[in-house]
Amino acid sequence: MALQCCYGGSTIQTLKLASIPSTAPLSSSAICSPFKTLTITSSAHLIKALSSPAAVVDSTTTHVVKPQWKAAIDFKSIVENKSAVAENLKNRNSTASLELVIELYERLLQLQKEVEDLRFERNTIANKMKGKVEPLERQRLIEEGKNLKEKLVTLEEDLIKLTDALQREAQCIPNMTHPDAPIGGEDSSTIRKTVGTPRDFTFSIKDHVQIGKELDLFDFDAAAEVSGSKFYYLKNEAVLLEMGLINWTLSEVMKRGFIPLTTPEIARSLVVEKCGFQPRGDNTQVYSIEGSDQCLIGTAEIPVGGIHMDSILADSSLPLKYVAFSHCFRTEAGAAGAATRGLYRVHQFSKVEMFILCRPEESNAYHEELIGIEEELFSKLGLHFKTLDMATEDLGAPAYRKYDIEAWMPGLGRYGEISSASNCTDYQSRRLGIRYRPESSTSPPTNTKKSKGRNLSPPEFVHTLNATACAVPRMLVCLLENYQQEDGSVVIPEPLRPFMGGIELITPKSN
């Protein structure tokens, strides 16, 4: 599809910002590492083959310095529901290797037991040496303890490497899918709602590129000289229209209890990964900053998702609803042709994004709330659009279910995606480490000083949802093409006029 509120990709595309101090429709399919072609013949061969650069070994010592970050993936559930997971991979057309994940997990359990057994033996020897021991026996125990220590160090290193390899493979497995989601590719997506009808023009219509040129609203040529293709300058009323769209959208969404945010527009690569998108591969949508672990964001979903990373939220604080404004940056690798001309697909744009963290049992209801907000916003702007229940192969790795909205763009002569709304269940929160502690009066009382006798339930992972409230370039396309007049002017939709200083009409400039 054309524009998703989430974004993904595969390898990081290098963005050189050497002289600057520290200052995405996008595929979110996870890119799997090349481990699945391995032939495992022994434990030693397995560990050697699965050694990853993410587990850095200091050449001056035998200890592993830094394993990769870990997601709280429910491996037990994967094993117990192997058939359902395999069917889900098939429906999503995923290349993840379930068999390899299970094989690595079983080997991990075996290796963990070996490590635990060695630790027990080492502790047993240490306890024996605390009492009176004959000199020869003490020397024997010292030698035995030394040998156990060396074996333990080796196995612990192997354990970290194997854990790292298991994580990399398991992170390729996408989220499970809502049972009502259509199965198949993009063409299998179903229409769940249609709003309005196409406007009946009595004159020859223009596309937004021609309209913008005649009304002096854009400058693509100068932007191409300054920044490259797929960049643009907005001019005159187009600037006011962008600001009006952003402020109107924020005011409308805030009425529904959403907390407004502006976000950092640079995020660490690991946060991008923890949101379920792997910045690896040839067809990336992610710009990275050379010489750093940072990326330009493709959606505010990334920095908003990171706000509560590695935290336990109070039950009473949920749901947390955010509406965030940011600029977004996407490589749009591989995008070309008449269907992507003008403002339809660009490298930088403004967007207002909604994001919700909630209890697991509430996420389906909030998903309906998000798509309802989007439909209401676009209806108030007088757009003709259809809402789609997206098919399994077009969901992206994090989404359990996704609704897209495609609006009629008469100048382009087709529907184009203007927003989407995704329920990601606990896929992102397990990676970001976002949990909440349910309030409960039935759990047994604790005796720790910190709890002061309160009844505490074990923390659970929240569910996360995201939805596009306004992607400015696509909205400009819709408004200019649908509200064009025969005399070359463009009418401003009534809801936006108070946010544009009362301007009702964009008219051709006089010489």
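**Exercise 1. Find the residue in β19 that is the bridge partner of K351, and place β19 among its neighbouring strands.**

Step 1. K351 has A471 of β19 as its bridge partner. The model is predicted, and local features need pLDDT of at least 70, side-chain atom pairs count only at pLDDT 80 or more, while totals for chains, interfaces and linings use all residues. Residues are numbered from 1 along each chain as its sequence is written, and side-chain values use heavy atoms, with hydrogens and water left out.

Step 2. Strands here are DSSP runs (E, at least two residues), numbered from the N terminus. Two of them pair if DSSP finds at least two bridges between them. Strand β13, residues 348–358, pairs with β19 over eight bridges, in the antiparallel sense.

Step 3. Strand β16, residues 414–423, also runs antiparallel to β19, and three bridges join the two. A bridge links A421 to A467 of β19.

Step 4. Strand β19 spans residues 463–471, and nine of its nine residues are buried. Buried means under 20% relative accessible area, exposed over 50%, and partly exposed in between (1.4 Å probe, protein chains only).

**Exercise 2. State how many disulfides the structure holds, and check C275.**

Step 1. A disulfide is counted when two cysteine sulfur atoms lie within 2.5 Å. The count for this structure is zero.

Step 2. The closest cysteine sulfur to that of C275 belongs to C424 and is 8.8 Å away, so the two are too far apart for a bond.

Step 3. C275 is buried, at 1% relative accessible area. C328 is buried too, at 0%.

**Exercise 3. Describe the geometry of the F201 and F203 pair, then that of W408 and Y415.**

Step 1. Rings of Phe, Tyr and Trp (its six-membered ring) pair if their centres lie within 6.5 Å; planes under 30 degrees apart are stacked, over 60 edge-to-face, and the rest tilted. The structure holds five such pairs.

Step 2. F201 and F203 sit 5.5 Å apart, centre to centre, with 85° between the planes, which is edge-to-face. F201 is buried at 16% relative accessibility, and F203 is buried with a relative accessible area of 16%.

Step 3. W408 and Y415 are also edge-to-face, at 5.1 Å centre to centre and 65° between the planes. Y415 is partly exposed, at 27% relative accessibility.

**Exercise 4. Which arginines lie over the face of Y344?**

Step 1. A charge sits over a ring if NZ of Lys or CZ of Arg is within 6 Å of the ring centre and within 35 degrees of the ring normal.

Step 2. R414 lies over the face of Y344 at 4.3 Å from the ring centre. R474 lies over the face of Y344 at 3.7 Å from the ring centre.

Technical notes:
Helices (H or I, at least four residues) and strands (E, at least two) are DSSP runs, numbered from the N terminus.
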